[in-house]
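Subject: Structure for your review

Dear colleague,

Please find the structure below, handed over for your use. My notes on it follow.

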Amino acid sequence: MRKLMLKKLTIQNFKGCHERIIEFGETTDIFGANASGKTTIMDAFCWLMFNKDSGGSEKFNIRPLDSDGKMVDNVEIAVEATLDIDGATVTLQKVQKQNWVKKRGTDVVTLQGNVNTYEINSFPASEKEFKEKIASTIPEDLFKLLSDPRAFASLPWKKQREILLKFISEITDADVLATNEIEYAPIAGEVLAAGTEKATDKAKKAMAKLKDRQRELPARIDEASKSLVPVPELSDLEIQRNALNEQLESVQKQRDDTSEAYKLVAEIQAETMQTKLDIGGIESRANESLDERRREARRIHDDLESKAYELFQKRQRKERELKQLQDSIEEKEKLRTSLGEKYKEARAMNLDESETVCKMCGQVLPTDRIDQIRADFEKNRKTIVDKISHDGNKVKSEIDEIKSKLSSLQSEIESLKVAWNNAITEKSKAYEKMNSIPASVDISENQEYQALQTKLSNLEMQLGNMDTGESLKKRLEIRERGIREELDAVNRQFAAVEANERVQERIDELKAEQKEIGQKVADQEQKIFLLEKFSRTKMDMLADGINSKFGIVSFKLFEIQINGGMKDTCEMMVDGVPYSSLNSAAKMQAGLDVIVALARLYNVSVPVWLDNRESVSEIPEIDGQVINLFVSAEDKELRVEVA
């Protein structure tokens, strides 16, 4: 087993500890009253190793305080540890100094933070080298777990579980299936192919779909049953349909007998219709030229409207372009003004006389050096002034060029306005001309038109005086409609009989599906039960394997939920009592039991720090260094005993 021991710790100006050297043995007992500095020793060692306090926080004050509670400045904070690592002695030192900086040209100094320096075996080292040395000796997270009985219990339960699973070799699904091959046979294939979790998810999703369908079926069956309608016997329907068909045939025969009376009427009606068409043709031909005039007037108006719109759009584009140029001039004028201010500032620049004074000793520099500094300054100032002047002239040229474009664009916009106004005027004239065209031509004096109107009047009068047996025809039509309605009702009843047969077939199918789904739900429930039992068996095997590595501590790795399923967890217990409910002594003993097991797992031991050691009378045997911190009211100053 790899072994790391703390042999000596030297502390200077760390928190409340002004100066102390502590020698450590295999077991070291440190006694002191409250606030006497026991925890400071732990914090100093942790700060040296990992830049944190013993609680794992990076944000804590290590600088000593005066009687008013203010930090004491201008003192170095130093911690040095002598370690025994597998028989080899390694010395690590970390020193923190304040970084005071004097502002240029003044006597005022300000604190600019702290600077840490490092040594390994009395040789200077960079921070990176120092951290790499410690990391190669013992990683920080592992050191915390092996040195602090509270560390493991403070981890998230998933992280605890991850560490615990390293204690045992993997228990495969095949191992669990082998415990009861016959019982697990229905799930073996899916478990081996996809794992327990995916197999369970698949079974639960399948069962959820089946149960959704199972819940739907009663309503579907009830809905189908409600669609069954009462209908007469088929034989009665046949008799009724035959009787109605005979009545319909008789009515149709009577109606056919009146057909001759309609032939002459039909001829006159056809001639009347043709006369109306001839009159319409005359009206259409007479109005054709008017329609052509209206179409031409509409085309001219639409062309002018399109031209006006195009001119308007073009003018808008030019006005937007004009606005962009005006904005550009405004921006460049601002830039030119800014360059003018910078030009004045550059011309007014003077050399900072502090540049002629040595920053190290504060004495005035030699004359030739000062002359060179002044020459360099003047050269630099001239370069800046020339650059600003060049930029200003360039911006002025750009402004002049834009103004030239602006003038041309304004002229173009004015021309477009005039053209648009002219187009609007022409469009209005075209609109008035279009509306002045009459809607139709007066053809009342046309002789052909007058003759056709006279013929139409005579035909309509002749139709009005003819006896066509219209009343008989209407009575027969009403009777026929009644018979057909009755026939439709009888046919609907025939269709209802067929629909009832189809509905009953559907009801039978739904009931068969209901029975089948019930069996499938039972099959999936059995499969889920086996998968949950499989998971519990696997968890029991894992828990037994893990718990065998500990003395007084055991772990609950899963819990049964209300619905019977399992939920992963990791809860440390002692004699069935959860860690969170243990008293302080039991928590320390449980934490030490975990440290002993972890030390065996990782094959390494580090100093174990036991704060408030007085709270527990006995601790388990630990294969490594133990540092006990006892609260002792009579020890106002720290007392160290080494065994």
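I begin with L351, which lies in the loop between α10 (260-347) and α11 (367-435). Please note that the model is a predicted one. With a relative accessible area of 15%, L351 is buried, because buried means under 20%. Apart from its neighbours within four places in sequence, L351 touches T356, I373, R374 and F377. The C-alpha atom of L351 is separated by 73 Å from that of E571, 220 residues away along the chain.

Turning to the strands, β12, β13, β3 and β14 form, in that order, an open sheet of four strands with mixed pairing. The edges are occupied by β12 (608-610) and β14 (639-642); each has a single partner strand, so one side of each lacks a neighbour in the sheet. From one strand to the next, the twist averages 15°. Within this sheet, β3 (residues 27-32) and β13 (residues 626-631) run parallel and are joined by six bridges, with G32 opposite V631 in β13.

An antiparallel pair is formed by β1 (residues 2-14) and β2 (residues 17-23), again through six bridges. L9 has I22 in β2 as its bridge partner. The hairpin of these strands has two residues between them, and K15 adopts a positive phi near 50° there.

On the surface, W100, V109 and L111 make up a nonpolar patch of about 250 Å². W100 belongs to strand β5 (residues 88-102) and is partly exposed, at 33% relative accessibility.

As for charged pairs, the salt bridges number 40. One of them connects E525 and K211, at 3.4 Å from N to O. This pair links distant parts of the chain, 314 residues apart: E525 is in helix α13 (residues 470-547) and K211 in helix α8 (residues 196-226). Both are partly exposed, E525 at 39% relative accessibility and K211 at 28%.

R295 and E292 form another salt bridge, their closest N and O atoms lying 2.8 Å apart. These two residues are about one helical turn apart, because they stand three residues from each other in helix α10. R295 is partly exposed at 49% relative accessibility, as is E292 at 43%.

In the salt bridge between R639 and D635, the closest N and O atoms are 3.0 Å apart. R639 is partly exposed, with a relative accessible area of 30%, whereas D635 is buried at 11%. Elsewhere, K144, D148 and R150 are joined into one network by salt bridges that share partners.

Yours sincerely

Terms used:
Residues are numbered from 1 along each chain as its sequence is written. This is a predicted model: local features need pLDDT of at least 70, side-chain atom pairs count only at pLDDT 80 or more; totals for chains, interfaces and linings use all residues. Side-chain values use heavy atoms; hydrogens and water are left out. Two strands pair if DSSP finds at least two bridges between them. Axes are lines fitted to C-alpha atoms, for helices over the stretch in contact, and angles run from 0 to 180 degrees between N-to-C directions. Patches are made of residues with over 30% relative accessible area and no salt bridge: like charges are joined within 9 Å, nonpolar side chains (Val, Leu, Ile, Met, Phe, Trp, Tyr) within 5 Å. Accessible areas come from the Shrake-Rupley method with a 1.4 Å probe; for residues, only the protein chains shown count as cover. A salt bridge is a side-chain nitrogen of Lys or Arg within 4 Å of a carboxyl oxygen of Asp or Glu. Buried means under 20% relative accessible area, exposed over 50%, partly exposed in between (1.4 Å probe, protein chains only). Contact means heavy atoms within 4.5 Å.
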